[in-house]
Amino acid sequence: MEEVSSLLQARRNNVLNVDPKIANNNITTHGSDWLWAVMALQGILLLGMIIWTFVTSARRRAFHCFSTAILLVATIYYYAMASNLGGHAVPVEFRRRGIPGRTRQVFWVRWIGYFINFSLIFFSLLLLSGVGWANILFTIGLTMLWATMLLVGGLVSSSYKWGFYVFALLIYFFIIWQVLGVARKHASRVDLGAHKIFTSLAAWTLFLMLLYPIAWGLSEGGNVLKSDSEAVFYGVLDIFSQGIFSLALIVATRNLDFDRMGLSFTEYGRIHDHDQSEKVPHHNGHNGAHDGGATLSAPGGSVGGTGGTGGNIV
């Protein structure tokens, strides 16, 4: 019995002894236990995704790469939070009955994780939709700005934090327009199956994304929830928006025609292999039918290899 007791003592979570509390309203050992559990779940999904990626054809790994990156980032920032790291003590605007003290622990590392992961999520979704690169980059930029606004607002102690909150909500509606307005229209032109998958996953993500400002308002903003309750709220959202999303993305796209959608990346990359280029007949400037310079106008205005502009274009 003494050996079992000593073993349990050794396994006890002593994070707060190593990394002490930084705020009055700080996660407790129970909150840390929950964060470790979420980290373990994301880590298990990550290992499974890595194995799944290696047993999948190289031509069909595009979404596996996105899912692996999302799960890796989630595992890392949950490790930091479970270790009581990556946080800052922020003076609260509202003091609530039952909520301890004048300062609240705000995990800035969480919002850095959202900055990266929601960008990857929308990158994968918009890649699936077939929308143009300009719209993809614009939507990713909006997503980064959304996470930044809520991060900055959480670190502000005065009532001016709500200004950043309003900006985040406005940006969220811009994202809805880009995803369900612009990208969804493009997805319907690409493939019927891709359109259904995109619409379902996009609606799922946008619905969950709407709940994050609610969690923010009850925790970093309004100081209504204790830090442990905050950890549970965000943890459940993260499991569904990142962990389950990563699995759903792979399962839903497994039967799509990647060649038709331009997503069939090979192990050789997007650039032709040099060995293949060497098999193509190479001619000098005297043969206007094959020389790269023969197809360009010479400085003097003549066309062909006799204008002095011969040679291959690199």
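Select Glu-230 and Arg-110: both residues are buried, where buried means under 20% relative accessible area, exposed over 50% and partly exposed in between (1.4 Å probe, protein chains only). The model is predicted, so local features need pLDDT of at least 70 and side-chain atom pairs count only at pLDDT 80 or more, while totals for chains, interfaces and linings use all residues. Residues are numbered from 1 along each chain as its sequence is written, and side-chain values use heavy atoms, with hydrogens and water left out.

**The charged network**

The side chains of Glu-230 and Arg-110 form a salt bridge of 2.9 Å, N to O (a side-chain nitrogen of Lys or Arg within 4 Å of a carboxyl oxygen of Asp or Glu). Glu-230 belongs to helix H9 and Arg-110 to helix H5, so this pair ties together parts that are 120 residues apart in sequence. Helices (H or I, at least four residues) and strands (E, at least two) are DSSP runs, numbered from the N terminus.

Add Arg-104 to the selection. Its side chain meets that of Glu-230 in a salt bridge of 2.8 Å, N to O. This pair links distant parts of the chain, with Arg-104 in strand S2 (residues 103-107) and Glu-230 in helix H9, 126 residues apart. Arg-104 and Glu-230 are both buried. Arg-104, Arg-110 and Glu-230 are thus linked in a network of salt bridges, and a search of the whole structure finds 2 salt bridges. Side chains of opposite charge can pair when their charged atoms come close.

**Helix H5**

Next, select residues 108-129. At 1.5 Å a residue, the 22 residues of helix H5 should span 32 Å, and the end C-alpha atoms are 32 Å apart, which agrees; the expected span is 1.5 Å times one less than the number of residues. Of the 22 residues in H5, 17 are buried, and the helix is mostly covered. Just after H5, Gly-130 adopts a positive phi of about 80°.

**Aromatic pairs**

Display the rings of Phe, Tyr and Trp (its six-membered ring), which pair if their centres lie within 6.5 Å; planes under 30 degrees apart count as stacked, over 60 as edge-to-face and the rest as tilted. By this rule there are 20 aromatic pairs. Trp-111 and Trp-146 make an edge-to-face pair, 6.2 Å centre to centre with 65° between the planes. Trp-111 lies in helix H5 and Trp-146 in helix H6 (residues 133-155), so the pair ties together parts that are 35 residues apart in sequence. Both Trp-111 and Trp-146 are buried.

Move then to Trp-204 and Phe-240, a tilted aromatic pair at 6.0 Å centre to centre and 55° between the planes. The pair links distant parts of the chain, from Trp-204 in helix H8 (residues 192-221) to Phe-240 in helix H9 (residues 227-252), 36 residues apart. Trp-204 is partly exposed, with a relative accessible area of 33%, and Phe-240 is partly exposed, with a relative accessible area of 33%.

To see an aromatic cluster, select Tyr-77, Tyr-78, Trp-111, Tyr-114, Phe-118, Trp-146, Tyr-212 and Tyr-234 together.

**Two residues of helix H4**

Ser-67 is located in helix H4 (residues 62-82) and is buried, with a relative accessible area of 0%. What does the side chain of Ser-67 reach at 3.1 Å? The partner is the backbone oxygen of Ser-246, a polar contact (a pair of N or O atoms within 3.5 Å; within protein, one must be able to donate a hydrogen and the other to accept it, and residues adjacent in sequence count only if both atoms are side-chain atoms). Not counting residues up to four places away in sequence, Ser-67 touches Met-49, Ser-246, Leu-249 and Ile-250, contact meaning heavy atoms within 4.5 Å.

Phe-66 also lies in helix H4 and is buried, with a relative accessible area of 12%. Leaving aside neighbours within four places in sequence, Phe-66 is in contact with Leu-120, Phe-123, Ser-124 and Leu-127. Phe-66 and Ser-124 are 58 residues apart in sequence and 6.6 Å apart in space, C-alpha to C-alpha.

**The whole chain**

Finally, return to the full view. The chain has 10 helices and 2 strands, in the order α-α-α-α-β-β-α-α-α-α-α-α along the sequence. Of its 314 residues, 43% count as buried.
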